[in-house]
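Hi,

Here is the structure I promised to hand over. Please load it first, then read on for what turned up.

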There are 2 protein chains.
Amino acid sequence: MSETDLVRALAAVLPPESLVTDADVLEAHRRDQAQWAPAGVPRVLVRPASTAEVQAALRVASALRVPVVPRGAGSGLSGGANAVDGCIVLSLARMNRVLEVDRRGMFAVVQPGALNAAVKAAAAEQGLWYAPDPASWEFSSIGGNLATNAGGLCCVKYGVTGDAVLGLEAVLADGSVVRTGGRTMKNSAGYGLTRLFVGSEGTLGVITEATLKLRPRPPKATTLVASFPTLVGAGVAVTEIMASVRPSLLELMDRATVRAVESFGSMGLDVDAAALLLARSDAGGGQGVEELARMAAACEAAGATFVAQSADEAEGELLMQARRLAYPALEKQGATLLDDVGVPLSRIADLLAAVEQIASERGVLIGTFGHAGDGNMHPTVVFDRNDAVALERARAAFDDILRAALALGGTITGEHGVGALKRPFLGEQLGHGGLRLHHAIKGALDPLGILNPGKVF
Amino acid sequence: MSETDLVRALAAVLPPESLVTDADVLEAHRRDQAQWAPAGVPRVLVRPASTAEVQAALRVASALRVPVVPRGAGSGLSGGANAVDGCIVLSLARMNRVLEVDRRGMFAVVQPGALNAAVKAAAAEQGLWYAPDPASWEFSSIGGNLATNAGGLCCVKYGVTGDAVLGLEAVLADGSVVRTGGRTMKNSAGYGLTRLFVGSEGTLGVITEATLKLRPRPPKATTLVASFPTLVGAGVAVTEIMASVRPSLLELMDRATVRAVESFGSMGLDVDAAALLLARSDAGGGQGVEELARMAAACEAAGATFVAQSADEAEGELLMQARRLAYPALEKQGATLLDDVGVPLSRIADLLAAVEQIASERGVLIGTFGHAGDGNMHPTVVFDRNDAVALERARAAFDDILRAALALGGTITGEHGVGALKRPFLGEQLGHGGLRLHHAIKGALDPLGILNPGKVF
């Protein structure tokens, strides 16, 4: 089959504005933000405006056995949206409407291309809150958030993206449409298919609509910062906090990260601490004060050398700003390989120690920050972009971190997904039985294997 | 194949204490608590003591093409554990150990036969809390809770059983073992298989171990009761409460239920109200007081004729007692058909009105109570056990209620599962595409169809 056949077949079922073959546009849709993951060259870009157009495109792809790579806002960090040679890139960017916000039903119905920020804004108009807040919330799409089961800072109290999904509409590889779940808060009717599509990174179907759970807006948060002379102390503080209260945020930055943030813009952080913890409570009122006091006590008992609490919003925002600068500040120091691993809560200090050892053994700089309250950390390898040997060392360190997480009973990805980047490691995590089950399900839903091949497993 | 062949094959791979053929024991393992669901006659009861024994039994079942009906504590309400003729009943009751409670990791590892109450107790010993609380928590097993994705009273704030599961071990139909998820709070590695097994009612595999998420124990709850002259008023109060705070419990009883409770044991409830709401906050301290005040204001604005708040534990417990008596009190009045439907939060009043109309049209008594904050209600048809015509009318009303829930955009089951009882209705809810997807997944995981046939779909 020639390239022309594919384009002709698509043109026969799609309006012209939904079909793009311009080389520059294709080039701009080749990859996501995972700079070091492989990416092929697509044949054509399809930009459907409706579920029916997604169906039409998938029917053509099935008939001609052409791979389809679904794509949201392109902000992914694992190469899950990277093209494979000769594929159709299926961008959901035009299907970006918030179709409905039902205040009394406490849900929103949205198209996959809607940005997370747009959903938050639409919910806020009704006095409600869409909780999931990946760091990319201002520029990532709901479809991408669903594809990777994206996390964020508030997960420690409010759960990940999958916890906020009531139902989905998806188009399968053969072009048929299925609906999962619904608009009810609870549902025990049939299999948990909603959660099967969430996190499947476009390999089982193309999500064309999502019904998302909304919440009442929580009270204003109060903030705590604590610095620890040892990683073990910080790890103990995290587990003791989690065993006694449910913070609305519990983040950690190690020394390398704190120093990067300080050299980026002086924030007055303790550059000699082994780790800083940043915690918030949105319990509100006296309970918020009490939760903060209990967290402060846990930090002190774990050996914190400095603990400060603030109910002042501006002060809290400044501390949050320091945390948000973690990755940009590390990026400023060189090229980066941003990792995303999870360990059981009790093993956070062990993970941090393992990362320090890897940095020393491989002779690379690694700054580690992340969602300590979930045991989900982002060790970030920083290296010289123009030094091929340094890239090799960085890649080796990146892989070492994955193995360290697995050795601690953890996961190779907590919130970014497997994509193309970590595919070689999934088998190590799942084992033979788990991998076989993945193949069985993939075979049942996408027997021709056209959906996002070469990703996940 | 004769019955003897099956028993002989099982006896060759299982110790004698794991194999039961005694007719009285088999009879006692024929059905769960869904009195009106069909149940067949099993050939043999297998009571494995280990995952290896589950594997051995399933290998025999696969080789001989014998259906297997997994069974927990037998407290199910949809006939999901009801035998089919000639089957192996696989009781997980002996695999009832709490294997590990990791206080710092905030998880417990348990066998499926462990009672929910035992898991709660083991968590409490470490100062932690296992949240899910189906009404049957004292006598239902974790395996059964997982199979139906059981709910309860605290779900409105803390989620259903599936929300508390970090990972599973399951044995597939061919006897192979798979592990899903893990011990981390977040995990984006591969498909959401944990949530695929949860709620699959023993049709995809036999869960042999679960890693459950634990939480810090919440503060003591404060309690509010409000009575409404109209169903619409109660429905509005529920949606307004849910839009402003997150109660730790939000239950409703309609007039028929309140009257049944009052005639069971006089509690001083308002027998003229159209509905009573019972709400709790466990936010603690001043925030708990504030949440209760906001809920009281929402009730008053929605036309409540009586609102009382109590921070007194004994008083709160007395109100909870009234709610717990709802089903026993209705059962006292005759035979019952207990339904379990869910609707979007905005449609609760519509559901209650529809149920009233069904009761009137069918000439039956229906008491409705349930988890209003989740839109999950239990309309309970009460009828004369010795009157065949009354049973027919009750069954017709039961089916009408399912149709009414579907017409309101709801679900035929919020927490009890489909089982054998509601199987004819699943297709109406899922549609052709959804049902086809169920068959595809079932075919991929259990190609011989030996696992709990005739259940769910």
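Which strands of chain B does helix α3 lie across? Keep in mind that this is a predicted model. Helix α3 of chain B, residues 51-64, lies across β8 (165-171), β9 and β10 of that chain. The helix runs at about 45° to β8(B).

Those strands belong to a sheet. In chain B, 5 strands form an open sheet in the order β5-β6-β10-β8-β9. The pairing is antiparallel. Strands β5 (98-102) and β9 (177-181) of chain B stand at the edges. Each has a single partner strand, so one side of each is left without a neighbour in the sheet. From one strand to the next, the twist averages 10°.

One pairing in detail: strand β6 (residues 107-110) and strand β10 (residues 206-213) of chain B are joined by 4 bridges. The two run antiparallel. Phe107(B) stands opposite Lys213(B) in β10(B).

There is another helix to look at. Helix α4 of chain B, residues 116-125, lies across β5, β6 and β10 of chain B. Its angle to β5(B) is about 35°.

Now the two chains. A turn of 180° with a shift of 0.0 Å along the axis lays chain A on chain B, with an RMSD of 0.0 Å. That is the relation of a two-fold axis. Of the interface residues of chain A, 100% are also interface residues in chain B, so the copies meet through the same surface.

How many residues does each chain give to the contact? Chain A gives 88 residues, and chain B gives 88 residues. About 6200 Å² is buried between chain A and chain B, and carbon and sulfur atoms give 57% of that area. On the side of chain A, Arg104(A), Lys186(A) and Tyr191(A) lose the most area to chain B. Together they make up 16% of what that side buries.

The polar side of the interface comes next. There are 6 salt bridges across the interface of chain A and chain B. Lys186(A) forms a salt bridge with Glu415(B), with the closest N and O atoms 2.6 Å apart. Across the same interface, 28 residue pairs are in polar contact, counting pairs with both residues at pLDDT 80 or more.

Several elements of chain A give two or more residues to the side that touches chain B, among them β9 (177-181), α8 (231-244) and α10 (285-301). The largest share, 13 residues, comes from α15(A).

Best wishes

Definitions and conventions. Residues are numbered from 1 along each chain as its sequence is written. Chains are lettered from A and ligands numbered from 1 in the order in which they are written. This is a predicted model: local features need pLDDT of at least 70, side-chain atom pairs count only at pLDDT 80 or more; totals for chains, interfaces and linings use all residues. Side-chain values use heavy atoms; hydrogens and water are left out. Copies are superposed by least squares on the C-alpha atoms of residues with pLDDT of at least 70 in both. Contact means heavy atoms within 4.5 Å. Two strands pair if DSSP finds at least two bridges between them. Axes are lines fitted to C-alpha atoms, for helices over the stretch in contact, and angles run from 0 to 180 degrees between N-to-C directions. Buried area is the accessible area (1.4 Å probe) that two parts lose on being put together, summed over both. A salt bridge is a side-chain nitrogen of Lys or Arg within 4 Å of a carboxyl oxygen of Asp or Glu. A polar contact is a pair of N or O atoms within 3.5 Å; within protein, one must be able to donate a hydrogen and the other to accept it, and residues adjacent in sequence count only if both atoms are side-chain atoms.
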